[in-house]
Amino acid sequence: MDHSGSKKTCCESIREFFTSAKFLIYMGHALSTWGDRMWNFAVAVFLVELYGNSLLLTAVYGLVVAGSVLLLGAIIGDWVDRNPRLKVAQTSLLVQNSCVIVCGILLMVVFQFKEQLVELYNGWILTTCYILVITIANIANLASTATSITIQRDWVVVVAGQDSSKLADMNATVRIIDQLTNILAPMLVGQIMAFGSHFIGCGFISGWNLCSMCLEYALLWKVYQKTPALAVKAGQKEQQQELKQLSPTKDLENAQSPEESSQPLMNEASVVAKPDSPQQHGCCYQVTEPLRTLKAGWVAYYNQNIFFAGMSLAFLYMTVLGFDCITTGYAYTQGLNGSVLSLLMGASAVSGICGTVAFTWVRRKCGLIRTGFISGVAQLSCLMLCVVSVFTPGSPFDLSVSPFQDLYTHLIGEATLPEADHSLTSVLTGGNATTPAPAAEQPPLQSYMSVSLLFAGVIAARVGLWSFDLTVTQLIQENVIESERGVINGVQNSMNYLLDLLHFIMVILAPNPEAFGLLVIISVSFVAMGHIMYFRFAFKSLGTRLFLCCSPEQKVETVDSPSLPTTV
């Protein structure tokens, strides 16, 4: 009897887990991330294919996306803060998936009738289609940003409750899902496009997003029902009316609660600018309200006690030491083929997963703030291999070659590139030049030493990178009050995109492989500056106790703000 009773209890616990709000969030995030990764991979391929194997449309799309999040990140976050959680999640979900579906259908039309569209109105119809695709895809990315803020930075905190360990485990699981989908989703859609066609790939992605949208909508509603705290949001009358738990007099008192008056996000000017009082201010005041919201969001971000921690994370985006098109292009110039690069990307993903697992273990042993410090030291130590690779045999690093050679060449409009030029730009665009490049000889064995050290450092550093990213994410979750959670994370996204944009500008200014070593050194310098900022934050929070190994129960990492603000 006892054995059967324990067996029943085990079955019930399993069933309880698979029906819990935590698991439902994982499922919804997996579906959402899978669709995002497929679309982000495919849209770049589609744009290159449509524009004659040129990276122009892809570059324009990347610039528009980065600029939009940079400018609108704080406004999106403020919208998340001002509206009920369920409304924000549902709206952003519907907008994001609907835009991807429309984009997929539009791309299907373009792929099917491209020849006819080129002949209509001297190609202006086709150009209009390109503009529509980039615009709608950008709107989808902005909606994805809102979804990420509201689910990963807000809902996860509420579902975790006051349990910091549970929050850390949920963050790590979400990041593992990100890593896995980042590998598997592009592989799936890539195989579909390889064995089918781009037309079929567009149709598959549109169909996936349609089905995924319905499932995610149902999962969000289930999570909302299972977590009553999600219906209560600080400073929001809509949620209070939704629950019908507060009387009108209490609503009036709560409108000027101590929490709201002590730490307001917006200044008085932006607070009074509400739709229910349109005649208090003129039209110009209403038009400039987004600018005031943007300014107030950045001011609120600057005034946070985790400001330097957030800045440290943003500085890690100013790097060429990742598996993006820049590093891939450089690897091709050094003789690595696509098969080797795919294996290296897989190893990088495994390293990232190890980092997320290490985060939960180190946090339990040393505490949250110390975990960030340890992760930073580990990442920076591994990146020293990349610096060493610049000066090892096989490195093309040469300061005698002007890093701006390619830029000058294009500006003066020369018809051909110098014979010695193997810039990343020409590599990424398929090496198209006026004269065909001679068949590359197999480089001697020692020439692989530099690129091997480079990728060894990049892959090993992912352990510290992802552990550090999770640390800063949880610090923001735990130390930002609920009413500012959206706008602070919106500004954080803007900072990340700003530094990412700067790293692309850096590559544009110095694209030739001989200057890549200089870019590596600059990248490591920015990573070091970021970790110095984090050290300043950690030392200010813990003092000399930062270097002591204390048990988590001693709570020495507490920052001077509420560790996990209540959601009720």
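**Exercise 1. Find where helix 6 bends, and work out whether its length fits.**

Start with the bend: helix 6 has a kink of about 30°, and Asp-154 sits at its centre. Keep in mind that you're looking at a predicted model.

Next, the length. Helix 6 covers residues 124-160, which makes 37 residues, and at 1.5 Å a residue they should span 54 Å. The C-alpha atoms at its ends are 52 Å apart, so the two figures agree.

Now look at the surroundings. Of the 37 residues in helix 6, 28 are buried, so the helix is largely enclosed by the rest of the structure.

Last, step just past the end of the helix: Gly-161 takes a positive phi of about 70° there.

**Exercise 2. Do the same for helix 21.**

Length comes before anything else this time. Helix 21 runs over residues 448-479, and its 32 residues should span 46 Å at 1.5 Å a residue. Its end C-alpha atoms are 46 Å apart, which agrees.

Then hunt for the bend: a kink of about 35° is centred on Arg-462 in helix 21.

Finally, check the cover. Here 25 of the 32 residues of helix 21 are buried, so this helix is largely enclosed by the rest of the structure.

**Exercise 3. Is Gln-96 buried or exposed, and which residues does it touch?**

Step one is to place it: Gln-96 belongs to helix 4, residues 85-112.

Step two is the verdict. Its relative accessibility is 4%, and the cut-off for buried is under 20%, so Gln-96 counts as buried.

Step three is the contact list. Skip the neighbours within four places in sequence, and Gln-96 is in contact with Asp-36, Ala-140, Ala-143, Ser-144 and Thr-147. With Asp-36 there's a polar contact, side chain to side chain, at 2.4 Å.

Step four compares sequence with space: Asn-138 is 42 residues from Gln-96 in sequence, yet their C-alpha atoms are 9.6 Å apart.

**Exercise 4. Describe the setting of Leu-546.**

First, locate it. Leu-546 lies in the segment that follows helix 23 (516-542).

Second, judge its cover: with a relative accessible area of 3%, Leu-546 is buried.

Third, ask what surrounds it. Leaving out neighbours within four places in sequence, its contacts are Ile-369, Arg-370, Phe-373, Phe-535, Ala-538 and Phe-539. Take Phe-373 from that list: it's 173 residues away from Leu-546 in sequence, but 8.5 Å away in space, C-alpha to C-alpha.

**Exercise 5. Which residues does Gln-334 contact from its loop?**

Begin with the loop itself, which joins helix 16 (325-333) to helix 17 (338-366) and holds Gln-334.

Then check exposure: Gln-334 has a relative accessible area of 13%, which makes it buried.

Now list the partners. Apart from neighbours within four places in sequence, Gln-334 is in contact with Gly-394, Pro-396, Tyr-448 and Val-451.

**Exercise 6. Sum up the whole chain, cysteines included.**

Count the elements to get going: the chain has 23 helices and zero strands.

Move on to burial. There are 568 residues, and 48% of them count as buried. The chain exposes about 27400 Å², with carbon and sulfur atoms supplying 67% of that.

Contacts come next: among those with a separation of 6 or more, 83% link residues 24 or more positions apart.

To finish, look for disulfides. Searching the whole structure turns up zero. As for individual cysteines, Cys-129 is buried at 11% relative accessible area, and Cys-366 is buried at 14%.

Terms used:
Residues numbered from 1 in each chain as written. Predicted model: local features only at pLDDT ≥ 70, side-chain atom pairs only at ≥ 80, totals over all residues. Heavy atoms only, no water. Helix = DSSP H or I, 4+ residues; strand = E, 2+ residues; numbered from the N terminus. Buried < 20%, exposed > 50% of the residue type's maximum accessible area, 1.4 Å probe, protein only. Contact = heavy atoms within 4.5 Å. Polar contact = N/O pair within 3.5 Å; in protein donor to acceptor, adjacent residues only side chain to side chain. Disulfide = S-S within 2.5 Å. Areas by Shrake-Rupley, 256 points an atom, 1.4 Å probe, with all protein chains shown as cover. Expected span 1.5 Å × (residues − 1). Bend = angle between axes of the 7 residues up to and from the residue.
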